[in-house]
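Biologist: Could you take one part of this model and go through it slowly, in words that a first-year student can follow? Please keep the residues and the elements they belong to together, so that a picture builds up step by step.

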There are 2 protein chains.
Amino acid sequence: MTPPPSPGRRPTMRDVAQEAGVSTALVSIVVRGAVGASEATRGRVLDAAQRIGYVRDERARLLRARRSMDIGVCFETQQPFHHKLLDVMYAAVVSTEHSIVLSAVTPSRGEGAALHDLVAYRCGAIISLGSRLPSQELSEVASGIPLVVANRSMGQELDWVSSDDEQGIALAVEHLVELGHRDVVFATSAGAAGADERNEGFTAAAEKSGAIGEIVEGGSTEVSGAELAVALLERDELPSGVIAFNDRSALGMLDVFVRRGVRVPHDISVVGYDDSEIAGRSYVQLTTIAQDTQAMGQAAVELAVSRIVDEFEGGVRPREVGLAPGASETSFPRRSPEVSSLRIPTTLVVRMTTGPPRSV
Amino acid sequence: MTPPPSPGRRPTMRDVAQEAGVSTALVSIVVRGAVGASEATRGRVLDAAQRIGYVRDERARLLRARRSMDIGVCFETQQPFHHKLLDVMYAAVVSTEHSIVLSAVTPSRGEGAALHDLVAYRCGAIISLGSRLPSQELSEVASGIPLVVANRSMGQELDWVSSDDEQGIALAVEHLVELGHRDVVFATSAGAAGADERNEGFTAAAEKSGAIGEIVEGGSTEVSGAELAVALLERDELPSGVIAFNDRSALGMLDVFVRRGVRVPHDISVVGYDDSEIAGRSYVQLTTIAQDTQAMGQAAVELAVSRIVDEFEGGVRPREVGLAPGASETSFPRRSPEVSSLRIPTTLVVRMTTGPPRSV
DNA sequence: GTGAAAGCGCTAACAC
DNA sequence: GTGTTAGCGCTTTCAC
């Protein structure tokens, strides 16, 4: 356990081999868990490794392996939802041969730099969470490494998986209509990601259910939500239900309503979007649309894994054997031509901020 | 920019050298930005690299370099404060020779595993954010790589940097006393990290300022804060000021007060702790104690960097030269015996939830 | 200013 | 079952 007290180097496989009285190849077999070593030897090697404090050098292993099983994940430190996705992704690769390599986008570090690092580590595939780059630029920086975009819908050139926002808003509308609401307002956030899809979803769902659907600007923050609430209160009549662009905006509305004595849901029903942590807290209890973090993360990982496998199969292994040095032309592995796009259904989480309208 | 359309390999230095008509050594010099290449050559090499889409292999570079300048950072996905720290740390290494390598602690992945990965990548130093492991275990898994704990105070065996909680609470007490409050309550959270320090800080500060200081249990969540608020309202007389263990608890209290028509700060002053994002929002405006994220992150990075430099200086470089193979005993580099402990002062952020007591 | 060559720690044929 | 060996892509003397 405790390392020997002499100066210098970290233990390597050679040291373990020496300590156990075997060859390095055998040590490699044992630490990799590969077949080809007797139980007795395995035990002796593992013992020796433990004794001298051996930790396998990942840099060397990765360098030597023909292809990396690692999945590089590019995420934003500022995005709580990304952290949820990270949890799911880590869980998804537990006890597989894959592991996750992280690269963060921060205020001082752009997405390009983050992705570049992942390429420099030669990940087998890359997942970019909520990428802000155009697909052209994305595939350029990925430079041949399979790339999957999660939490954002992209065009036809790239693999991606995101929530089905159109369906999500429809869920909210249907919920209110079923409760008996006839006039519902959607507080959209102009220019925000997914705004177009949500607007369309709202209009379509309102039409389909015969409700009066009005779209107003309600922003993505508590402040803008509060402002909208004030504006709504100034109307002759309050709409019976309002769907916020996200939970933060809904929270801003709720705050104004509570302070002004407007009872929720008796006087007005409020629906959020995101099912953020705060929405579920006991003193908030906001009805909201939940994105399926689990499904999204899982799908992104599965897509990435399948791309890694693709590379294996489409690889040059058969021809590589016996190839004269320098005989193969330099280039990147080709991508599979078929891209996958996945829209993950959202779900409605009914809590305390929605109920039948007063008039019923 | 676009890679050649042939099958297989990624471009290596050899390919760049060939494309530019120089040797690989020269390419290395150029991509490292080292001295020893003419401007003309430099340009030619960079051009060639760009043309064939060369990205330097970080695994190979790291493996070959005698020592790594990388700082491994172990963080928890669930901790918003860790993400702030990541931002600061990334900013701190921008345009230095150091870079950040991330390893996440998630519900499915313990701190031990996260730290182990960092060791496997042979980082030059490791920073663990808010480590939950005992120092004995920490140094065991770090196995000779310098380790710095941030956002938690440790004993004498380890480098660490954390907020000065004792001083932080004192700040809150002094603020209330200066406003004229004589009876203040501290809602502690038994067993939470930093609770002991905060309790002591509260008692000492109350004593020193001649105020009546009472410590009650108020927990770390909105729910427990709300419960405490209810309990306080049942008393014959409300204390004139209450200091919550953190912002979440304070938020729970505020929610109860608002709903019950208790005016803040007129009827009671409330102080939070953390200066979380929500505390500053326009509809909350919570007076709170802010941890100095910037200073903490910066200090942690500086400590880590200094440990990396230590290793260089304490290294075996001079003796290593001309050493017969196998002549040096296997072991880890020795740590500097002197550990650094840093308490970062917190600051008071005065917002709208504190004011003079009603009796004044 | 430039090139040849050794080797970082590991894996994976291949021989025995 | 076990040992020998040839590199993965890079950096870094050391000659020229």
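Modeller: Let us begin in chain B of this predicted model, where helix 8 (residues 165–179) and helix 9 (residues 195–209) pack at an angle of about 35°, their axes lying 7 Å apart. The crossing of helix 8 of chain B and helix 9 of chain B is right-handed. On the side of helix 8 of chain B, the contact is made by Asp165(B), Glu166(B), Ile169(B), Ala170(B), Val173(B) and Val177(B). Helix 9 of chain B brings Glu197(B), Arg198(B), Glu200(B), Gly201(B), Phe202(B), Ala205(B), Ala206(B) and Ser209(B) to this contact. Sorted by class, the residues in the contact between helix 8 and helix 9 of chain B are 7 nonpolar, 2 polar and 5 charged.

Chain B also holds an open sheet of 6 strands, which run in the order 2-1-3-4-5-11 with parallel pairing. At its edges are strand 2 (100–105) and strand 11 (341–344) of chain B, each of which pairs on one side only. From one strand to the next, the twist of this sheet averages 15°. Within the sheet, strand 1 (residues 71–76) of chain B pairs with strand 3 (residues 125–129) of chain B in the parallel sense, over 4 bridges. If you would like to find this pairing by eye, look for Cys74(B), whose bridge partner in strand 3 of chain B is Ser128(B).

From there we can turn to the DNA, where both protein chains come into view. DNA strand C is surrounded by 20 residues, and the closest are Met13(A), Tyr54(A), Ser23(B), Thr41(B) and Arg64(B). The residues of this surface divide into 8 nonpolar, 6 polar and 6 charged. Among the atoms of DNA strand C that lie within 4 Å of the protein, 66% belong to sugar or phosphate, while the rest belong to bases.

Individual side chains show both kinds of approach. A polar side-chain atom of Arg56(A) lies 2.9 Å from a phosphate oxygen of DNA strand C, and a polar side-chain atom of Thr41(B) likewise lies 2.9 Å from a phosphate oxygen of that strand. For Arg64(A), a polar side-chain atom lies 3.1 Å from a base oxygen of DNA strand C. The elements that give two or more residues to the surface near DNA strand C are helix 2 (24–32) and helix 4 (58–64) of chain A, together with helix 2 (24–32) and helix 4 (58–64) of chain B.

Methods
Residues are numbered from 1 along each chain as its sequence is written. Chains are lettered from A and ligands numbered from 1 in the order in which they are written. This is a predicted model: local features need pLDDT of at least 70, side-chain atom pairs count only at pLDDT 80 or more; totals for chains, interfaces and linings use all residues. Side-chain values use heavy atoms; hydrogens and water are left out. Axes are lines fitted to C-alpha atoms, for helices over the stretch in contact, and angles run from 0 to 180 degrees between N-to-C directions. A crossing is left-handed if the near helix is turned anticlockwise from the far one by less than a right angle, and right-handed if clockwise. Contact means heavy atoms within 4.5 Å. Ala, Val, Leu, Ile, Met, Phe, Trp, Tyr, Cys and Pro count as nonpolar, Asp, Glu, Lys and Arg as charged, and the others, Gly among them, as polar. A residue is near a molecule or strand if one of its heavy atoms lies within 4 Å of it. A polar contact is a pair of N or O atoms within 3.5 Å; within protein, one must be able to donate a hydrogen and the other to accept it, and residues adjacent in sequence count only if both atoms are side-chain atoms. Two strands pair if DSSP finds at least two bridges between them.
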